[in-house]
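Good morning, and thank you for coming. Please look at the structure on the screen while I speak.

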Amino acid sequence: MSAQSVPVLDFGSQTAQLIVRRLRELGVYSELLPHDASEAQVRALNPFGVILSGGAASVYEAGAPQLPDWLPTANLPVLGICYGMQLISHTLGGVVLRPEGREYGPAELTLAAPHPLFSDTPDSQPVWMSHGDRIEALPPGFRSLASNPATPFAAMGDDTRRWYGVQFHPEVVHTTHGRTILRNFLFAICKASAAWRPTEFVAEAIERVRERVGSDGRVICALSGGVDSAVAALIIHRAIGDRLTCVFVDNGLLRLGEAEQVVATFREHFHVPLVVVDAREEFLTALADVADPERKRKIIGEKFIRIFEREARDLGDAKFLAQGTLYPDVIESSAPDRKKGVTIKTHHNVGGLPADMQMALVEPLRYMFKDEVRAAGLELDLPEDWVWRHPFPGPGLAVRLIGPVSFERLETLRRADAIFMAELRAAGLYRATQQAFAVLLPVQSVGVMGDGRTYADTIALRAVTTEDYMTADWARLPYELLAKVSGRIVNEVPGINRVVYDLSSKPPATIEWE
């Protein structure tokens with residue numbers, strides 16, 4: 001890569017990729033690298049500076065990730081966030097201790113004095129804390145930049161070294177001026193230039209695919225119907241032409257009419273070879289009565305791979321499988337390239353892949369966020385309706401159906417979900433929410449229909465607003481819309497007598513229920 005960047009060293013924070021996203025939003029390219037990346041790996045990205053992410057470890061624990069040996073003499077500006085700040089202090093001679101309580105959630109930060117890192121921010125400002133340890137004594141050369149009652153050193157800096165630390169998380173939206181603080185680090189301290197745009201990913205991804213596949217390799221692409229797999233397919237097709245074949249698997253876990261819509265749209269707009277596999281019976285047999293969400297994901301992941309391996313042999317022994325894997329999928333699954341990540345849930349196309357998979361992966365979007373993928377989709381002339389489709393999980397309705405999987409329960413969920421989507425579109429609120437869907441709960445309750453007693457199932461409605469899918473808030477949909485959706489579901493979907501609305505944010509919940 002010729003452009004300069006500010007890479008992030010990953011110490012295992014659940015918001016590490018969010019730091020990367022914020023830097024890219026500010027026009028500076030960034031990648032997430034392992035915490036023990038070599039100097040050569042970092043220098044290959046032409047760094048203006050380096051950011052150290054947070055993490056779940058304590059710096060004094062055995063086996064805790066350490067600061068790279070080369071970094072203190074690299075003459076690069078450094079910003080440590082949470083664990084990153086504690087690690088700087090611990091390594092350079094400060095004192096890090098664990099007080100009796102931890103600090104999690106909103107806090108009020110007070111600046112010690114004006115400083116370039118906090119330019120254009122108020123002397124007192126809300127931030128988001130999430131830490132158990134704290135700094136009790138600063139390392140030599142550092143001074144306090146900010147504090148709050150629970151954290152005496154909430155920010156620190158050594159202007160000579162150009163090394164800084166913040167105990168809070170500037171990358172999350174709950175830190176009101178976090179974007180400004182990151183901007184100050186990039187442009188006032190690192191002297192970076194805002195020269196990067198998401199559309200540059202297209203040309204870079206095409207070149208990476210060519211390098212990965214070679215001059216004669218064949219690829220099959222797992223096409224799901226979402227924007228991610230569609231953009232991945234178009235990038236790969238531009239890279240290798242007709243050596244790509246897309247495979248769409250109807251697994252019986254799709255939304256109402258989705259299989260027909262995906263096939264028709266893809267064939268109408270693109271000239272990429274497409275194979276359609278009817279595997280509904282195969283998947284539903286494998287999932288019969290399976291209730292555990294991790295088992296569902298692993299069964300679905302393996303079943304997909306076996307089908308793709310079978311299709312690859314029929315297509316001339318294709319050696320590569322392409323997927324539309326994104327950054328949030330990787331972080332939540334604690335993929336192998338995230339050494340210190342904590343598994344939140346296994347994504348079928350990351351942690352759910354079988355160990356004996358015979359095909360090599362091609363994932364041109366693996367380190368992109370959803371909004372960047374959409375920008376790339378528009379650059380590739382993907383239809384806007386496809387670009388702005390809400391995300392749909394790879395395991396499909398199996399993870400929106402809580403409890404055992406069966407054809408009957410899937411049909412109930414399909415009908416309820418279709419009503420919700422239709423009314424959301426009719427109200428002009430589909431684009432105002434970033435993800436919305438129905439969930440079938442394993443909960444029955446008493447109801448009254450007509451003059452009779454019912455004992456029937458419950459549907460939960462979920463709609464969220466989000467910038468990045470790493471954090472999300474529940475959508476404040478109009479009561480009138482929710483009432484209409486509820487009324488239609490209870491009246492039109494047999495076996496449902498109760499509808500509830502999910503008011504949970506992410507965190508502490510995830511967007512999907514499983």
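I shall begin with the whole protein, turn to one of its sheets, and end with several single residues.

Please keep in mind that this is a predicted model. The protein has 14 helices and 20 strands. Its radius of gyration is 25 Å, close to the 24 Å that the globule rule gives for 514 residues, so the protein is as compact as a globular protein of that length. Along the principal axes, the C-alpha atoms fill a box of roughly 70 × 65 × 40 Å. Buried residues account for 58% of the 514 residues. About 20700 Å² of the protein is exposed, and carbon and sulfur atoms supply 52% of that area. Let me add one figure on contacts: among those between residues at least 6 apart in sequence, 74% join residues at least 24 apart.

Now to the sheet. In what order do the five strands of the open sheet stand? The order is S14-S13-S12-S15-S16, and the pairing is parallel. Strand S14, residues 274-278, and strand S16, residues 360-362, stand at the edges with a single partner strand each, so one side of each has no neighbour in the sheet. From one strand to the next, the twist averages 30°. As a general reminder, strands of a sheet pair through backbone hydrogen bonds, either parallel or antiparallel.

Let us follow the chain through part of this sheet. S12 and S13 pair in the parallel sense over five bridges, and Ile220 has Thr245 in S13 as its bridge partner. Between S12 and S13 the chain passes through helix H6, residues 227-240, and this β-α-β crossover is right-handed. S13 and S14 also pair in the parallel sense, over five bridges. Here the bridge partner of Phe248 is Val276 in S14. The chain crosses from S13 to S14 through helix H7, residues 258-269, in a β-α-β crossover that is right-handed. Elsewhere in the sheet, strand S15, residues 320-322, is joined to S16 by three bridges, and the two run parallel. In that pair, Ala322 stands opposite Val362 of S16.

Why is strand S13 described as largely enclosed? Seven of the seven residues of S13, which spans 244-250, are buried, so the strand is largely enclosed by the rest of the structure. In a regular strand the side chains alternate between the two faces of the sheet. In S13, Leu244, Cys246, Phe248 and Asp250 point one way, while Thr245, Val247 and Val249 point the other way, and all are buried.

Next, the helices around the sheet. Helix H5, residues 200-213, lies across S12, S15 and S16, and runs at about 165° to S16. In helix H11, residues 370-379, the buried residues are Lys370, Glu372, Val373, Arg374, Ala376 and Gly377. The elements that cover them include helix H1, H5, H6 and helix H12.

Two residues in helices deserve a closer look. Ala232 belongs to helix H6 and is buried, with a relative accessible area of 0%. Leaving out residues up to four places away in sequence, Ala232 touches Gln323, Gly324, Pro364 and Leu365. Ala232 and Val362 are 130 residues apart in sequence, but their C-alpha atoms are 9.1 Å apart in space. Arg22, in helix H1, is buried or exposed? At 7% relative accessibility, Arg22 counts as buried. Apart from neighbours within four places in sequence, Arg22 is in contact with Glu171, Val173, Leu182, Glu467 and Asp468.

I close with some backbone details. Most residues other than glycine have a negative phi, and most peptide bonds are trans. Asn75 is not a glycine, yet it has a positive phi of about 60°. Asn75 lies in the loop between strands S3 and S4 and is exposed, with a relative accessible area of 62%. Cys82 likewise has a positive phi, of about 55°. This residue is in the loop between S4 and helix H3, and at 3% relative accessibility Cys82 counts as buried. Just after H11, Asp381 takes a positive phi of about 65°.

Finally, which residues are joined by cis peptide bonds in the segment after S20? Lys506 and Pro507 are joined by one, with omega about -10°. The bond from Pro507 to Pro508 is also cis, with omega near 10°. Pro507 lies in the segment after strand S20, as does Pro508.

Terms used. Residues numbered from 1 in each chain as written. Predicted model: local features only at pLDDT ≥ 70, side-chain atom pairs only at ≥ 80, totals over all residues. Heavy atoms only, no water. Pairing = 2+ DSSP bridges. Helix = DSSP H or I, 4+ residues; strand = E, 2+ residues; numbered from the N terminus. Axes fitted to C-alpha atoms, helices over the stretch in contact; angles between N-to-C directions. Contact = heavy atoms within 4.5 Å. Buried < 20%, exposed > 50% of the residue type's maximum accessible area, 1.4 Å probe, protein only. Right-handed = clockwise from strand over helix to strand, strands pointing away. Rg over C-alpha atoms; globule rule 2.2 N^0.38 Å. Areas by Shrake-Rupley, 256 points an atom, 1.4 Å probe, with all protein chains shown as cover.
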